[in-house]
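The exercises below ask the reader to work through a two-chain protein model, one region at a time. Each task is followed by a solution that proceeds step by step.

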Amino acid sequence: MSWLNRIVPSIIRPEGAERKANVPEGLWRKCPKCDAALYRPELEKNQHVCPKCDHHMRITARKRLEAFLDRGTASELFAELEPVDRLKFKDSKKYKERLAAAQRDTGEKDALIAMRGNLTGVAVVAVAFEFNFMGGSMGSVVGEKFARAAELALRERMPLICFSASGGARMQEALFSLMQMAKTSAALERLKQAGIPYISVLTDPVYGGVSASLAMLGDLNVSEPFALCGFAGPRVIEQTVREKLPEGFQRAEFLLAHGTVDMIIHRHEMAEKLGGLLRKMTHQPAA
Amino acid sequence: MNLNFLDFEQPIADLEAKIEELRLVGNDSDVNLSDEISRLQEKSYKLTEQIFSNLSSWQVSQLSRHPMRPYTLDYINLMFDDFDELHGDRHFADDAAIVGGMARLEGRPVMVIGHQKGRDVKEKVRRNFGMPRPEGYRKALRLMEMAERFKMPILTFIDTPGAYPGIDAEERGQSEAIAFNLAVMSRLKTPIIATVIGEGGSGGALAIGVCDELMMLQYSTYSVISPEGCASILWKSATKAPEAAEAMGLTAGRLKELGLVDTLVPEPLGGAHRNPEQMVASLRTALLQALNKLDKKDTDALLERRYQRLMSYSSLQELG
């Protein structure tokens, strides 16, 4: 994670790498926003939303999808895809080693998890970014898995929902990763032309190549409260324009005011709200 | 003559200076120095060949941003006839970092669109160093959709450090503008040929780069992030840019090997800026060949091929 701390601007770093040291691992966790000490099992039950201040903490892709889809209906898709280091990329560490470490730490093969299942009874394909896997960066596996999910949704005429959380493109895959932007966007355009709904849910944070492709292309773009999303990160912008960024810049509320997202939805209401929208979009009776 | 030599060209610059000096001496005296001059010219040519036969990725990166390198409007003026520039995105502004319009190539109407950098300080600022804002991408898309309606092929020229990272650009939806272009370009019913003529900087480049045929000039680069950006993130120091350039494999030759680029267009000795006319002639030939090839495909086949090409760009494996 250390490289990630360097690319991700300090305000969107995984909650308090420094602070964590003060709180013993185990039963208690500190809310990164209001500092309240939270009882972990309680927090889990609350889908990692702080019961004191309502802050939406990061959540793993699997937990996200399991909580989102109707109980007992989810099954994983395209789990067989694995990254390959065709460029033999090496900086201070080999890409191969970074991949191995991320796989060990997260138990995932790469940064996107895809599932099919029901949402308030509607059959859907849902994908979610695993931010703990190299900052949710989009390399070939993420792009390919996303495109396959979209193609499956097209073939079986199922709505597609994506929860993005990503620092952007994966530098270690260089131009391959850039091309995933075009790949995922092309697959989504086919869905759009076929009149199959795609909902993009922005969760903290979404930047760079992911923001400038699949995350902005929803029939509906929605956001969790307080999520950060933009093309360039705050630090890069500050360095470029040499002025202080306005309060709340690139937060969900800013995105809503600037016409980027349709609405902000609380994590606890996400399933019901999106289910209701999809039922209208696919002309099914209210649940 | 100031040709703006780069660091690694210094030995050539020294020789050229010597030749210039001899010329001046020769003009002022009765001594005939022409033999000596042509000997040195021969030497300079050989030296240039030698240096350019073995460039590092970082040296190519420097060439791709050479201040005298031909820009989009140079190609448009030298290669096309009857260019009419079209302005504005119809929503907010006309972004001078992207230029576009209708022109004729060997008599045939085409839509030409490209990033545009500035030559002098004032123009550099006006063109925002070739870094478009959302309205630039939206103008490009407007012209591309027009090309589809009027059955013109689209020729794009890529030369940008990247999309502009500014507050106003974010407020007006930089991400959305890029994403929308990627989506729509994947299905436009007209051939699209993209050529990287200088810097292919990330999403800001790709936003006019979804195509049926991707060409790169020999000393252009195409990458997901600038070498400096990559170095400062992964190596913690922008001075490691040469290493980052090497690791990312951003040169035309390397990308062709990886199957990400279709055609490498050779540049004149010393780079496009040493002989723009020759550069234009080879690029014109390459563009006409590509157009000819794409003309033979019916629209459905063209679009299916474009889609499948995008789907094929991967570095992954599938476990049985």
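In this predicted model, chain B and chain A bury about 5000 Å² between them, and carbon and sulfur atoms give 68% of that area.

**Exercise 1. Describe the interface of chain B and chain A by its contacts, its salt bridges and its polar pairs.**

Solution. Begin with the residues that take part: 50 residues of chain B are in contact with 62 residues of chain A. Next consider charge, where three salt bridges are found across the interface, one of them between Glu318(B) and Arg148(A), whose closest N and O atoms are 2.8 Å apart. Then count the polar pairs, which come to 22 residue pairs in polar contact across the interface, both residues being at pLDDT 80 or more. Finally, ask which element contributes most on the side of chain B that touches chain A: helix 8 of chain B, residues 174–185, does so with nine residues.

**Exercise 2. Locate the annotated "binding site" residues of chain A and explain why they can be treated as one spot.**

Solution. The UniProt annotation, from an unreviewed entry, covers Cys31(A), Cys34(A), Cys50(A) and Cys53(A). Although these residues span 23 residues in sequence, no two of their C-alpha atoms are more than 8.6 Å apart, and therefore they gather at one spot.

Take Cys34(A) as the next step: this residue sits in the loop between strand 1 (28–30) and strand 2 (37–39) of chain A, and its relative accessibility of 32% makes it partly exposed. Setting aside residues up to four places away in sequence, Cys34(A) touches Cys50(A), Lys52(A) and Cys53(A).

Cys50(A), in turn, belongs to the loop between helix 2 (40–45) and helix 3 (61–68) of chain A, and at 0% relative accessibility it is buried. Beyond its neighbours within four places in sequence, the contacts of Cys50(A) include Cys31(A) and Cys34(A), as well as Leu38(A) and His55(A).

**Exercise 3. Identify the edges of the seven-stranded sheet of chain A.**

Solution. First write down the strand order, which is 3-5-6-7-8-9-10 in an open sheet with mixed pairing. Strand 3 (75–77) and strand 10 (263–264) of chain A each have a single partner strand, so one side of each is left without a neighbour in the sheet. To see how strand 10 of chain A is attached, note that two bridges join it in parallel to strand 9, residues 220–223, of chain A, with Val222(A) standing opposite Met263(A).

**Exercise 4. Characterise strand 6 of chain B by its burial, its partners and its salt bridge.**

Solution. Start with burial: strand 6 of chain B, residues 213–217, has five of its five residues buried. Glu213(B), Met215(B) and Leu217(B) point one way from the strand, whereas Leu214(B) and Met216(B) point the other way.

Turn then to the partners. Strand 5 of chain B, residues 192–201, is joined to strand 6 of chain B by four bridges in the parallel sense, and Thr195(B) stands opposite Met215(B). Strand 8 of chain B, residues 263–265, also pairs with strand 6 of chain B in parallel, over three bridges, with Met216(B) opposite Leu264(B).

For the last step, examine Glu213(B), whose side chain meets that of Lys293(B) in a salt bridge of 2.9 Å, N to O. This pair links strand 6 of chain B to helix 13 of chain B, residues 276–295, across a separation of 80 residues. Glu213(B) is buried, with a relative accessible area of 5%, while Lys293(B) is partly exposed at 39%.

**Exercise 5. Work out what the salt bridge between Arg172(B) and Glu135(B) connects.**

Solution. The side chains of Arg172(B) and Glu135(B) meet at 2.7 Å, N to O. Arg172(B) lies in the loop between helix 7 (167–171) and helix 8 of chain B, and Glu135(B) in helix 6 (residues 134–149) of chain B, so the pair ties together parts that are 37 residues apart in sequence. To complete the description, compare burial with the 20% cut-off: Arg172(B), at 22% relative accessibility, is partly exposed, whereas Glu135(B), with a relative accessible area of 4%, is buried.

Terms used: Residues numbered from 1 in each chain as written. Chains lettered and ligands numbered in written order. Predicted model: local features only at pLDDT ≥ 70, side-chain atom pairs only at ≥ 80, totals over all residues. Heavy atoms only, no water. UniProt positions renumbered as here; feature names shortened; annotations may be inferred. Buried < 20%, exposed > 50% of the residue type's maximum accessible area, 1.4 Å probe, protein only. Contact = heavy atoms within 4.5 Å. Pairing = 2+ DSSP bridges. Buried area = accessible area lost by both parts, 1.4 Å probe. Salt bridge = Lys/Arg side-chain N within 4 Å of Asp/Glu carboxyl O. Polar contact = N/O pair within 3.5 Å; in protein donor to acceptor, adjacent residues only side chain to side chain.
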